[in-house]
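Open the model in a viewer and keep the sequence panel visible. The tour below goes from one selection to the next and says what is found at each stop.

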Amino acid sequence: MKRFLILALLLIGSLMALAPSSYAAEKKYESWNAIVDEMDTILNDAYDIYFMKDVERAKARVNNAYFGFYEKHGVERAVMSYISGKRGTDTEYQFAKIKRLMTDGASNKVVRNEIDTILKMLHEDANELDGKQESGWSILLASFIIIFREGLEAILVIAAISAYLVRSGHLAMVKVVYMSSLVAIFASILAAIALHTVFDISGANQEIIEGIAMLLATVVLFFISNWMFSKAEAEAWKSYVEEKVQTAVSSGSRFALGFAAFLAVFREGAETILFYQAMLIEAKEHMDMVWYGLAIGTIILAIIFVVIRFGTMKLPIRPFFIGTSILMYIMAIAFAGGGVKELQEADMIPVTSVDFIHSVEVLGIYPTVETLVPQIIMVFIVVVSVIYYKAKHSCKKQ
């Protein structure tokens with residue numbers, strides 16, 4: 001609990017340190033509609049360029065609207081905080097859909113219809129955002145949503161790994177997980193500074209960094225969850241302890257556990273800090289409500305951490321290991337979808353829409369073939385792994 005509070009204090013300290021950022025200088029629009037009006041001009045310009053058969057320059061203009069305005073000037077954050085995460089995701093995919101159609105050489109009429117669709121979405125969102133009274137309670141709720149949404153996955157990973165290490169008798173290794181989380185906080189602070197002040201990293205490169213981090217986390221979490229499940233049977237665990245097999249405390253596995261904690265915190269850390277920077281600038285007389293929302297979200301995340309970390313300690317070995325490994329499997333599958341989505345936003349992976357699927361952010365489910373296929377493959381691999389370990393255990397019994 002003490003270590004969790006240290007993590008929270010580091011996050012708060014970083015927000016206070018970075019508050020007077022370059023973002024403030026970039027805010028030159030009096031309303032969300034003013035930003036969207038400029039995006040309107042850019043997207044219509046993109047269509048005119050596409051009409052003239054200059055596909056690459058047309059796509060570059062769409063990217064300018066997305067990275068240069070939707071992300072840079074906080075429209076995405078505002079939509080996800082004050083409207084819904086699903087709306088933000090749907091808008092991101094509409095941008096991607098337009099670029100895919102341009103790449104595929106779609107007819108002018110089809111591209112025009114899709115641009116009209118996104119302009120309608122953007123103006124609807126701008127009207128709703130401008131129409132909202134910036135009450136203290138709405139800011140508190142938005143602040144809470146940011147820290148809870150961005151922090152939940154990290155807390156689940158850290159708590160599950162910590163509980164597993166304590167239950168398996170490797171209490172000393174818990175420090176590796178906590179220290180990795182602390183290092184990730186510092187790395188997030190440095191990344192937040194770099195993104196908008198030192199290196200001026202483009203929005204596309206930011207998405208690439210986040211996507212790669214999530215895909216790495218997928219591999220590491222799958223490795224850990226597989227190992228946990230292999231020890232789920234009491235006999236397997238007893239054999240492990242008696243023979244003092246050092247697989248789980250070898251340098252390689254020690255690195256894997258620490259790396260999983262690092263990636264879980266780092267992958268959204270810098271973006272979370274930047275979200276709060278923008279919110280602190282916009283909150284004006286309700287700035288205290290930003291801190292209250294952050295505090296409430298942090299407390300709830302701490303409770304979730306404590307429940308998983310300590311509440312599962314009394315469970316029998318088999319349910320404990322199975323439950324923990326299932327959680328890790330789910331997180332790995334979610335990260336697989338989220339990682340691909342980030343790379344789609346950076347134009348590294350194409351977008352093929354699946355209209356009958358709806359976004360479920362918490363599970364990393366998004367309505368595209370490219371995000372769903374790796375998740376289906378992951379589910380297949382998990383099922384095969386479970387069958388393999390069950391069969392292996394049955395053979396040993398016989």
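A residue counts as exposed when its relative accessible area is over 50%, as buried when it is under 20%, and as partly exposed in between. Keep in mind throughout that this is a predicted model.

**Stop 1: Asp104 and Arg100.** Select Asp104 to begin. Its relative accessibility is 53%, so Asp104 falls in the exposed class. Now add Arg100: the two side chains form a salt bridge, with 3.5 Å from N to O. Arg100 is partly exposed, because its relative accessibility is 22%.

**Stop 2: Asp116 and Arg112.** Move to helix H7, residues 108-131. Select Asp116 and Arg112, whose side chains make a salt bridge at 2.8 Å, N to O. Why are these two separated by about one helical turn? They lie four residues apart in helix H7. Is Arg112 buried or exposed? Its relative accessible area is 19%, so Arg112 is buried, whereas Asp116, at 37% relative accessibility, is partly exposed.

**Stop 3: Arg87 and Glu124.** Stay on H7 and pick Glu124, then add Arg87. A salt bridge joins their side chains, 3.0 Å from N to O. This pair connects distant parts of the chain: Arg87 sits in helix H6 (residues 85-103) and Glu124 in helix H7, with their positions 37 residues apart. Glu124 has a relative accessible area of 37% and is therefore partly exposed.

Extend the selection to Lys120 and Asp125. Together with Arg87 and Glu124, these residues are linked in a network of salt bridges. For the wider picture, the structure holds eleven salt bridges, and the pairs at these stops are among them.

**Stop 4: helix H8.** Select residues 136-167, which make up H8. The helix has 32 residues, and the distance from its first C-alpha to its last is 43 Å, close to the 46 Å expected at 1.5 Å a residue. Where is the kink in H8 centred? Go to Gly151: the kink there is about 40°.

Colour H8 by accessibility next. The helix is mostly covered, with 25 of its 32 residues buried.

**Stop 5: after H8.** Finish at Gly169, which follows H8. Check the backbone torsions of Gly169: phi is positive, near 85°.

Methods:
Residues numbered from 1 in each chain as written. Predicted model: local features only at pLDDT ≥ 70, side-chain atom pairs only at ≥ 80, totals over all residues. Heavy atoms only, no water. Expected span 1.5 Å × (residues − 1). Bend = angle between axes of the 7 residues up to and from the residue. Buried < 20%, exposed > 50% of the residue type's maximum accessible area, 1.4 Å probe, protein only. Salt bridge = Lys/Arg side-chain N within 4 Å of Asp/Glu carboxyl O.
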